[in-house]
Amino acid sequence: MTSYITVQDLLQRKHFENIEVVAGHRGLNRMVKWVHVVDVTKIKNLLNGNELILSTGLAWKEDKALFLSVVEQLIESNAAGLCIEIGTYTTLLPPEIIDLANEHQFPIILFQQEVPFVEITQDIHTLLINHQYQMISDLEGYSQALNKKLLTIEDHNEILTFIQQYLKLQVVTIFSNHEIKFTPKVSENEQDELLNIIESHAIGPASPLVASIPIQLLGDNHAELIILSKDRAITDFDQLILDRTATALAQFLLRKHYVEEKRRAEETEWLTTWLEGKYSEEAIQEYLAYHTPAVKPKGAFVCLCKLNPFENYSNLDLTYFKLYFRTVFEQQGFTLFSVEKRDSLIFIFLNKRNNSTWKERMKEGIQKLVQNDLKVGKHKTKPVLGIGRYVNELKNIHLSYQTAIETIRIQNRCSQHEASYFYDDLHIYRLISNLNRHLDLNEIVQEYLEPVITYDKKYNGKLMETLKTYLACNGSKQETAKRLYVVRQTLYHRIEKLEKLLGNDFMSHEKRLAIEFMLHSYEFLQSSKQIKGVEQETL
């Protein structure tokens with residue numbers, strides 16, 4: 001069954017034996033939805049479009065201007081065509097009418113002898129009604145075939161191919177991630193042409209050659225399903241097929257997302273248990289052999305990644321970021337597993353290359369990650385990374401995870417230029433962090449530095465800055481003055497003050513080491529006061 005009835009189809013019916021198509025031959029493929037007998041001159045508001053008009057010509061008789069007005073109204077109303085009974089009221093078609101009809105491909109058909117309009121309308125209406133019933137039957141058949149196909153297909157492209165082959169129209173699917181699928185495939189030039197047609201349809205008046213419908217998943221638009229025709233108008237039947245296909249496609253994608261989500265949840269549960277240190281080496285190796293059989297890890301570590309504020313990123317944003325993150329570091333010889341936990345992304349890195357080069361390769365990847373102007377969704381992002389201890393046995397990955405958490409905590413309390421991505425490079429700050437958890441570190445710091453702290457608060461003397469720089473320069477007054485941008489006399493005066501407050505022996509080896517340690521501890525404690533809730537933070 002054809003998807004619609006055309007003017008040409010009706011010309012094959014009874015009572016159309018003695019006719020002549022005098023204009024609009026190129027419009028004989030116009031769709032016919034109904035038939036009207038009209039003998040009035042104001043008909044624009046009486047039509048819905050695609051009606052075949054039967055007339056005796058009584059309304060205009062020999063009035064050419066009135067006749068022209070009627071034809072213009074019919075064209076503007078998108079009527080299917082005009083059939084006129086020649087003889088009684090109309091004997092001649094003016095050239096202007098014929099030219100107008102040809103220009104708009106509007107068929108004008110002349111009955112050469114008297115015909116029974118009642119019988120014509122009855123015959124055509126019966127044909128149209130039967131066609132509607134057949135269309136419903138075909139639609140039901142299509143739906144059943146599509147539902148049956150849903151039970152076996154593994155890729156949504158099979159659904160797109162199914163509708164394309166059934167309607168014989170070009171199908172275009174535009175996904176929310178901006179991926180565009182053409183079914184069947186077309187050349188790049190044809191792609192640009194089709195996209196221009198779609199854009200014109202979206203921003204301008206609706207085109208009879210284009211129809212679209214959104215694919216919605218859980219209330220969000222996942223994609224737009226579009227059909228395009230180059231040689232015929234999109235019909236109601238096409239629209240119904242498009243609607244049924246969109247529903248089937250949404251069901252398939254939802255089922256696929258559910259299966260993927262279930263798989264991801266199972267994987268997340270397994271990885272979380274691994275991070276808790278509850279699996280043996282043998283169990284881990286069995287899991288990896290099943291999921292990544294080509295990977296033979298030589299060691300592993302955990303990288304904790306924080307994106308702030310985490311709640312600003314959608315699931316699609318996070319998926320894009322994880323894909324980009326994985327792409328960057330896989331090029332450096334790692335295989336990655338990821339877990340989302342609260343406000344963090346946890347990546348388990350499996351090292352596939354030489355153990356001695358893992359840190360250098362990580363640094364290369366991090367440099368690429370932070371140097372690129374990375375944009376996730378609508379947000380430019382600079383992730384905070386904490387890399388835990390490298391472990392040779394995979395069952396010890398929980399140790400790397402705990403040290404990655406500690407690395408992030410320490411980073412939050414250190415000045416940016418002193419912070420490191422690697423737990424192994426934090427050295428003194430690891431000691432300070434451990435001391436802070438088990439002792440009253442502030443009391444110890446005050447024991448060594450309270451006189452200097454009090455003096456700075458009272459006189460704004462900048463002695464703490466001077467002390468830190470002086471120690472960093474190994475007691476070189478020239479270098480210290482240069483770094484502080486002060487003259488030597490000012491520096492000498494500050495050093496005298498420090499000797500009075502800390503003792504003349506503050507640069508002796510053991511005392512100097514203690515003071516340096518306390519300076520780092522003081523900054524650590526100061527930063528923790530600026531970051532609320534860090535001490536209580538659990539990851």
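Let's start inside the protein: this predicted model holds 1 cavity of 30 Å³ or more. The volume of this largest cavity is about 30 Å³. Its lining is made up of Val38, Val40, Ile43, Ile53, Ser55, Trp60, Val70, Leu74 and Leu82. Strand S3 (51-55) and helix H2 (64-76) are the elements that contribute two or more residues to that lining. By residue class, the lining of the largest cavity has 8 nonpolar members, 1 polar and no charged.

One of those lining residues, Ser55, leads us to Ile86. The two are 31 residues apart along the chain, and their C-alpha atoms are separated by 9.5 Å. Ile86 belongs to the loop that runs between strand S4 (81-85) and helix H3 (95-103). With neighbours within four places in sequence set aside, Ile86 has contacts with Thr91, Leu93, Leu110 and Phe111.

Next comes a sheet. Four strands form an open sheet in the order S7-S6-S9-S8, and their pairing is antiparallel. Strand S7 (180-183) and strand S8 (210-217) each have a single partner strand and stand at the edges, so one side of each has no neighbour in the sheet. On average, neighbouring strands here are turned by 20 degrees against each other, ignoring direction. Within the sheet, strand S6 (residues 170-175) and strand S9 (residues 220-228) are joined in the antiparallel sense over 6 bridges. If you want to find this pairing on your screen, look for Phe175, whose bridge partner in S9 is Ala223. Helix H5 (residues 157-167) packs on the sheet, where it touches S6, S7 and S9. The direction of H5 makes about 40 degrees with that of S7.

Further along, two helices meet. The axes of helix H14 (residues 463-472) and helix H16 (residues 488-502) come within 10 Å and cross at roughly 95 degrees. H14 and H16 are therefore roughly perpendicular to each other. On the H14 side, the residues that meet H16 are Leu463, Thr466, Leu467 and Tyr470. Their counterparts in H16 are Leu491, Arg494, Ile495, Lys497, Leu498, Leu501 and Leu502. This contact divides into 8 nonpolar, 1 polar and 2 charged residues.

Here are the residue classes of the two sites side by side.

| Site | Nonpolar | Polar | Charged |
|---|---|---|---|
| Lining of the largest cavity | 8 residues | 1 residue | no residues |
| Contact of H14 with H16 | 8 residues | 1 residue | 2 residues |

Conventions. Residues are numbered from 1 along each chain as its sequence is written. This is a predicted model: local features need pLDDT of at least 70, side-chain atom pairs count only at pLDDT 80 or more; totals for chains, interfaces and linings use all residues. Side-chain values use heavy atoms; hydrogens and water are left out. Axes are lines fitted to C-alpha atoms, for helices over the stretch in contact, and angles run from 0 to 180 degrees between N-to-C directions. Angles under 35 degrees count as roughly parallel, over 145 as roughly antiparallel, 65 to 115 as roughly perpendicular and the rest as oblique. Contact means heavy atoms within 4.5 Å. Ala, Val, Leu, Ile, Met, Phe, Trp, Tyr, Cys and Pro count as nonpolar, Asp, Glu, Lys and Arg as charged, and the others, Gly among them, as polar. On a 1 Å grid over the protein atoms alone, a cavity is a set of points where a 1.4 Å probe fits but cannot get out, and a pocket is an open set with protein on both sides within 12 Å along at least five of seven lines; lining residues have an atom within 4 Å of a point. Grid points are joined across faces, edges and corners, and a volume is the space filled by probe spheres set on the points. Two strands pair if DSSP finds at least two bridges between them.
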